[in-house]
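Dear colleague,

I am handing over the structure below, and after it you will find my notes on what turned up. Please keep the structure open while you read.

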Amino acid sequence: MMKTYNNKAWWLVLPVFVLVAFSAIIPMMTVVNYSVQDIFDPSTRYFVGTEWYREILADPRLHDSLVRQFIYSFCVLAIEVPLGIVVALSMPRRGLGVPFSLILLSLPLLVPWNVVGTIWQIIGREDIGLYGWTLNSLGLDYNYASNPRDAWITVLVMDVWHWTSLVALLCYSGLRSIPDVYYQAARIDRASHWAVFRFIQLPKLKNVLLIAVMLRFMDSFMIYTEPFVLTGGGPGTATTFLSQTLTQMALGQFDLGRAAAFSLIYFLIILLVTWVFYTAMTHNDDKG
């Protein structure tokens, strides 16, 4: 039998396309237009072609921020993903502990980004902050406002505190979706806890972990508010990431042409990484 297709359903999707066009495509075209012009004021602008792209690609600020950004995102993933898996494995599966654990893990995710930076601004202080005072009491000369290493570690710890819960919740949902028959077979075979994790839980968590890695990488790659509130990008440029470099160029210097070119290069990097993760996910599904 021939299957009947009802194209009227596309009318239900039309409002979404209109919304996306208004909120994404039109602003994107505006940025593309700015990136090929030298703008002096709203009425004075000159076409410069790809000049801004060549200057931005040769700009040491972009190179330094990009390296700093990749190192930061790698450190975030290296800590949060294993920690999230451990937390998810430690959570109860039934009883009153389940809702209590879920609520407790959800609390950091409810805190706005600027408030997170303000909280850690206080916690990191060496005189009244619990984190800073504890480190100095242990004999460590800690000061995130003047020491680049301490500022970097503080921003990293702040991100781990804020977003590890997301990885843990995703992993927990993946663990709960595993049928009990797998665990029953493992008990019959007298499999160890490591064997259960290696051959049952980890393979079933592959898709969830790919989603978690993708979400955390993209969010950490676009981080702005937390380090801006906590350190202002300093000391020096120790915690100045790509988003802050772009903001300084666009708002601080009001260099709209270079900033537009910078933002498009930034967007293409994010798009490339997203494509890599999407390819990995679809390849994993095809193998499954």
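**Rings, a charge and a surface patch**

In this predicted model, Arg198 lies over the face of Phe199, with a distance of 5.1 Å from the ring centre.

Turning to contacts between rings, the count comes to 14 aromatic pairs. In one of them, the rings of Trp120 and Tyr131 have centres 5.6 Å apart and planes at 70 degrees, and because planes over 60 degrees apart count as edge-to-face, this pair is edge-to-face. Trp120 belongs to helix α5 (residues 113-123) while Tyr131 belongs to helix α6 (residues 130-137), so the pair ties together parts that are eleven residues apart in sequence. Trp120 itself counts as buried, since its relative accessibility is 6%, and buried means under 20%.

Another pair is formed by Tyr142 and Tyr144, whose ring centres are 6.4 Å apart and whose planes stand at 45 degrees, so that this pair is tilted. Both of these tyrosines, Tyr142 and Tyr144, are buried. The four residues named in these two pairs come together with Trp161, in that Trp120, Tyr131, Tyr142, Tyr144 and Trp161 form one aromatic cluster.

On the surface, there is a nonpolar patch of about 1200 Å², made by twelve residues that include Trp10, Trp11, Leu12, Leu14, Phe17 and Met29. Leu14, one of the residues in this patch, has its place in helix α1 (residues 10-35). With a relative accessible area of 38%, Leu14 is partly exposed, because that term covers values between 20% and 50%.

Best wishes

Terms used. Residues numbered from 1 in each chain as written. Predicted model: local features only at pLDDT ≥ 70, side-chain atom pairs only at ≥ 80, totals over all residues. Heavy atoms only, no water. Patch = residues over 30% accessible without salt bridge, like charges linked within 9 Å, V, L, I, M, F, W, Y side chains within 5 Å. Areas by Shrake-Rupley, 256 points an atom, 1.4 Å probe, with all protein chains shown as cover. Salt bridge = Lys/Arg side-chain N within 4 Å of Asp/Glu carboxyl O. Helix = DSSP H or I, 4+ residues; strand = E, 2+ residues; numbered from the N terminus. Buried < 20%, exposed > 50% of the residue type's maximum accessible area, 1.4 Å probe, protein only. Phe/Tyr/Trp six-rings, centres within 6.5 Å; stacked < 30°, edge-to-face > 60°. Lys NZ or Arg CZ within 6 Å of the ring centre and 35° of its normal.
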